[in-house]
Amino acid sequence: MLLIRGLAAIVFGFLALIWPGMTLLVLVVFFAAYVLVNGVFALLSAFRHGARSRVWLLISGIVGILAGVVAFAWPGITSIALLYVVAFWAIVSGVAEVIAGIQLRKDIDNEWMLIVGGILSVIFGVLLLIWPGAGLLSLVWLLGAFAILYGIAEIALALRVKNFTSSPRVP
């Protein structure tokens with residue numbers, strides 16, 4: 001199974017690198033399908049549970065269905081929205097890391113690494129906001145590269161496990 005997972009990851013990684021636009025579209029469609037189905041199940045659950053949780057399940061279901069419909073109807077907008085979520089997360093978490101690094105100066109050594117990591121995170125987020133198209137493309141490329149490296153690691157593990165299980169055991 002490890003070998004098959006590794007090969008599948010490598011194939012996916014290469015396909016993502018060859019067809020980044022298609023890969024992004026497929027990811028958005030999978031997201032849309034997931035939130036739509038999740039919303040339907042939340043609505044169904046709302047009618048099966050007590051009155052206290054019903055309102056929140058109804059809200060969750062309606063929001064999920066609406067998000068799914070919007071993602072299916074406008075996949076380009078959905079992918080840009082996802083990029084903005086990543087960009088703002090990178091900026092906010094980067095600022096928090098810089099502040100934490102400054103506050104920890106007296107408590108730990110090498111706090112500058114936390115500060116540098118925070119600054120890099122802020123720069124990454126700002127660059128995504130400045131060039132969203134390039135940001136989407138680079139996210140897909142990173143996903144493809146990750147999948148290939150992950151697949152290689154899975155195959156290496158599969159070969160290692162095979163060698164481990166096929167060697168004679170000493171009681």
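Biologist: What percentage of the 171 residues in the protein is buried?

Modeller: Keep in mind that this is a predicted model, where local features need pLDDT of at least 70, side-chain atom pairs count only at pLDDT 80 or more, and totals for chains, interfaces and linings use all residues. Residues are numbered from 1 along each chain as its sequence is written, and side-chain values use heavy atoms, leaving out hydrogens and water. Buried means under 20% relative accessible area, with a 1.4 Å probe and protein chains only. By that rule, the buried share is 26%.

Biologist: How many helices and strands are there in the protein?

Modeller: Helices (H or I, at least four residues) and strands (E, at least two) are DSSP runs, numbered from the N terminus. Along the sequence the pattern reads α-α-α-α-α-α. The count is six helices and zero strands.

Biologist: Which elements give two or more residues to the largest nonpolar core?

Modeller: A nonpolar core is a set of buried Ala, Val, Leu, Ile, Met, Phe, Trp, Tyr and Cys residues joined through side-chain atoms within 4.5 Å. Here the largest one has seven residues: A16, L24, L83, A87, L128, L136 and V140. The elements giving two or more of them are α4 (75-103) and α6 (132-166).

Biologist: Which residues does L24 touch, not counting those up to four places away in sequence?

Modeller: Contact means heavy atoms within 4.5 Å. L24 belongs to the largest nonpolar core. With residues up to four places away set aside, L24 touches S79, L136 and V140.

Biologist: What does the C-alpha trace of the protein span along its principal axes?

Modeller: Picture the C-alpha trace laid along its principal axes. The spans are about 60 × 50 × 40 Å.

Notes. Buried < 20%, exposed > 50% of the residue type's maximum accessible area, 1.4 Å probe, protein only.
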